[in-house]
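Reader: I'd like a close look at the charged pairs in this one. Could you walk me through them and then show me what sits around them?

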Amino acid sequence: MNMYSQKSKGVVIFHSGYGHTERVANAVAEGAQASLIQIDADGNLSDQAWAEIEGAQYIILGSPTYMGGPSWQFKKFADASSKPWFADLWKDKVFGGFTNSASINGDKLATLQYFTLLAAQHRGIWVGMGMKSSNTKASQRDDINRMGSFLGPMAQTPADAAPEEMSFGDLETARMYGVRVAEIADRLFAASL
């Protein structure tokens, strides 16, 4: 349970190509107690989904990292967010983001930077990890924040691994990050009442 009573409402908007990023999205949403909004295979969202985003106090973005950035489906959603941008509908919302790729590095940082820039264009407030990385000789694959990210959760899944084979540590890192984003959104939301 969050240490702040859940007052803010959040959404996790994500695209997943093979189910791995969806698993991370579920972990983030569980921690944040947020609704899941999946970008479809054509890069679209329903009108109902757009309305739900508008009513949220926080938005967490997720995409696999393909070819050094988010998927084209996510980019299509980001381009379509110019409509709420024109009307300042996402201004001062709290933002966060996460990604997954097959390689240890996989240029995941570029995807998270894409998300932070998108949040900044909407004049949102970005939430970083708030945790140190597991970077000692004793560190294991299932440790928290084993990827050493400070911007947002990074998960790594071998290209030939099923979603069920993902690292527990990566998923737990994502869940803890969801808790953090929701707690910060709750603080800001309570302060604005």
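Author: Here is a tour of the salt bridges, followed by the parts around them. Keep in mind that this is a predicted model.

Let's start with the count: how many salt bridges does a search of the whole structure find? The search turns up three. As background, side chains of opposite charge can pair when their charged atoms come close.

Take Asp-88 and Arg-123 to begin with. Their closest N and O atoms are 1.9 Å apart. Asp-88 lies in the loop between H4 and E5, while Arg-123 lies in the loop between H5 and strand E6 (125–126), so this pair ties together parts that are 35 residues apart in sequence. Are the two partners buried or exposed? Neither label fits, because Asp-88 has a relative accessible area of 37% and counts as partly exposed, and Arg-123, at 34% relative accessibility, is partly exposed too.

Asp-88 has something else worth a look, and that's its backbone. Although Asp-88 is not a glycine, its phi is positive, at about 55°. The loop that holds Asp-88 runs between helix H4 (82–86) and strand E5 (94–101). Asp-92 sits in the loop between H4 and E5 as well, and here again a residue that is not a glycine has a positive phi, of about 65°. Asp-92 has a relative accessible area of 53%, so it counts as exposed.

Now step back into helix H4, where you'll find Pro-84. Pro-84 is buried, with a relative accessible area of 9%. What does Pro-84 touch, not counting residues up to four places away in sequence? The list is Trp-50, Leu-89, Trp-90 and His-122. For a sense of distance, Pro-84 and Glu-183 are 99 residues apart in sequence, and their C-alpha atoms are 25 Å apart in space.

On to the pair formed by Arg-146 and Asp-170. The closest N and O atoms in this salt bridge are 2.8 Å apart. Arg-146 lies in the loop between E6 and strand E7 (154–156) and Asp-170 in helix H6, so the pair ties together parts that are 24 residues apart in sequence. Arg-146 and Asp-170 are both buried. For Asp-170 the relative accessibility is 3%, and buried means under 20%, so the label follows. Setting aside neighbours within four places in sequence, Asp-170 is in contact with Met-154, Ala-155 and Gln-156 as well as with its partner Arg-146.

Helix H6 spans residues 168–192, and there is another salt bridge in it. The side chains of Glu-172 and Arg-175 meet at 2.7 Å, N to O. Why are these two about one helical turn apart? Because they are three residues apart in helix H6. Their exposure labels are split: Glu-172 counts as buried at 18% relative accessibility, whereas Arg-175 counts as partly exposed at 26%.

That covers the charged pairs, so let's look at H5, the helix named above when we placed Arg-123. Two packed helices are described by the angle between their axes and the distance between the axes. For helix H3 (residues 72–80) and helix H5 (residues 108–121), the axes come within 11 Å and cross at roughly 10°. Since angles under 35 degrees count as roughly parallel, that makes H3 roughly parallel to H5. Which residues meet there? From H3 come Phe-74, Lys-75 and Ala-78, and from H5 come Tyr-114, Phe-115 and Leu-118.

Leu-118 deserves a zoom. This residue of helix H5 is buried, with a relative accessible area of 7%. Leaving aside neighbours within four places in sequence, Leu-118 is in contact with Phe-74 and Ala-78, and also with Leu-61 and Ser-81. Leu-118 and Val-12, meanwhile, are 106 residues apart in sequence and 15 Å apart in space, C-alpha to C-alpha.

Last stop, the surface. Tyr-18, Tyr-66 and Met-67 form a nonpolar patch there, with about 450 Å² of accessible area together. Tyr-66 belongs to strand E3 (residues 58–66) and counts as partly exposed, at 32% relative accessibility.

Conventions: Residues numbered from 1 in each chain as written. Predicted model: local features only at pLDDT ≥ 70, side-chain atom pairs only at ≥ 80, totals over all residues. Heavy atoms only, no water. Patch = residues over 30% accessible without salt bridge, like charges linked within 9 Å, V, L, I, M, F, W, Y side chains within 5 Å. Areas by Shrake-Rupley, 256 points an atom, 1.4 Å probe, with all protein chains shown as cover. Salt bridge = Lys/Arg side-chain N within 4 Å of Asp/Glu carboxyl O. Helix = DSSP H or I, 4+ residues; strand = E, 2+ residues; numbered from the N terminus. Buried < 20%, exposed > 50% of the residue type's maximum accessible area, 1.4 Å probe, protein only. Contact = heavy atoms within 4.5 Å. Axes fitted to C-alpha atoms, helices over the stretch in contact; angles between N-to-C directions. Parallel < 35°, antiparallel > 145°, perpendicular 65-115°, else oblique.
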